[in-house]
Amino acid sequence: MSVGGGEFGRVAGFVSGGNSGAGPWLPDTAGGALLAGRGLDYARVHAVLDAGEVSLPADPRSVEAYLAAVAAQGTEQVVRALLEEVTRARRLVEAMERRP
């Protein structure tokens, strides 16, 4: 399954301040800063996704459910919500943090 252009790609663009079809722009960049502080950036994430190095089964809730719950609170809350549950985003972040 390719998720680079799917839901994860839309959320990654949404959280980083772009609009990749996930919904309205979020004006702050705190979510992107949170990910950058963990050593993650767009290029590194997509390199791992394109290489197929991480198994990413379905999330427990839809992307829209995560966004509806916290999007009005800012991008940092969107990122935190995605990383608190066992989501594809969390699996990807954990796998990338284990890589050299």
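**Entry 1: helix 4**

I started with helix 4, residues 63–70, and looked up which of its residues are buried: Val63, Tyr66, Leu67 and Val70. Seen down the axis of helix 4, these buried residues fall within an arc of 95°, so they line one face of the helix. I jotted down the general rule next to that: an α-helix has 3.6 residues a turn, so residues three or four places apart point the same way. A note to myself before going on: this is a predicted model.

Next I picked a residue of helix 4 that is not on the buried list, Ala68. Is Ala68 buried or exposed? Ala68 has a relative accessibility of 69%, so it counts as exposed, the cut-off for that being over 50%. I also checked how far Ala68 sits from Val78: they are ten residues apart in sequence, and their C-alpha atoms are 9.4 Å apart in space.

**Entry 2: around Tyr66**

Tyr66 kept turning up, so I stayed with it for a while. What lies over the face of Tyr66? I found Arg61 there, at 4.2 Å from the ring centre. I looked for aromatic pairs too, and the structure holds zero of them.

Then I went to Ala81, which is in helix 5. Its relative accessible area is 13%, and because buried means under 20%, Ala81 counts as buried. Which residues does Ala81 touch, leaving aside its neighbours within four places in sequence? I got Tyr66 and Val70, and both of these are on the buried list of helix 4. Ala81 and Tyr66 are 15 residues apart along the chain, yet I read 6.8 Å between their C-alpha atoms.

**Entry 3: two threonines**

Where is Thr87? I found it in the loop between helix 5 (75–84) and helix 6 (88–98). I wanted to know how covered this loop residue is: its relative accessibility is 0%, so Thr87 counts as buried. With neighbours within four places in sequence left aside, Thr87 is in contact with Asp59, Pro60, Tyr66 and Leu82. So Tyr66 comes up here again, because it is on that contact list of Thr87, a residue that counts as buried at 0%.

Thr75 is the other threonine I looked up, and it is in helix 5. Thr75 also has 0% relative accessibility and therefore counts as buried. What does its side chain sit beside? A polar atom of the Thr75 side chain lies 2.7 Å from the backbone nitrogen of Gly31.

**Entry 4: a look at helix 6**

I chose Ala89 in helix 6. At 10% relative accessibility, Ala89 counts as buried. I checked Ala89 against Asp59, which is 30 residues away along the chain, and the C-alpha atoms of the two are separated by 8.7 Å. Asp59 had already come up as a contact of Thr87.

**Entry 5: helix 3 and its ends**

Which residues of helix 3, residues 42–51, are buried? I wrote down Val45, His46, Val48 and Leu49. They cover an arc of only 160° around the axis, which puts them on the same side of helix 3. On the other side of helix 3, I found Ala43 and Asp50 exposed.

Then I looked at the ends. What caps the N-terminal end of helix 3? It is Asp41, with a side-chain oxygen 3.3 Å from the backbone nitrogen of Ala43. Just after helix 3 comes Gly52, where I read a positive phi of about 70°.

**Entry 6: the whole chain**

Last, I stepped back to the full chain. How many helices and strands are there? I counted six helices and zero strands, and from the N terminus on the elements run α-α-α-α-α-α. The chain has 100 residues, of which 37% count as buried. I also looked up contacts between residues at least 6 apart in sequence, and 65% of them join residues at least 24 apart. For the surface, the chain exposes about 5400 Å², and carbon and sulfur atoms supply 54% of that area.

Conventions. Residues are numbered from 1 along each chain as its sequence is written. This is a predicted model: local features need pLDDT of at least 70, side-chain atom pairs count only at pLDDT 80 or more; totals for chains, interfaces and linings use all residues. Side-chain values use heavy atoms; hydrogens and water are left out. Buried means under 20% relative accessible area, exposed over 50%, partly exposed in between (1.4 Å probe, protein chains only). Helices (H or I, at least four residues) and strands (E, at least two) are DSSP runs, numbered from the N terminus. The arc is that of the directions from the helix axis to the C-beta atoms. A polar contact is a pair of N or O atoms within 3.5 Å; within protein, one must be able to donate a hydrogen and the other to accept it, and residues adjacent in sequence count only if both atoms are side-chain atoms. Contact means heavy atoms within 4.5 Å. Accessible areas come from the Shrake-Rupley method with a 1.4 Å probe; for residues, only the protein chains shown count as cover. Rings of Phe, Tyr and Trp (its six-membered ring) pair if their centres lie within 6.5 Å; planes under 30 degrees apart count as stacked, over 60 as edge-to-face and the rest as tilted. A charge sits over a ring if NZ of Lys or CZ of Arg is within 6 Å of the ring centre and within 35 degrees of the ring normal.
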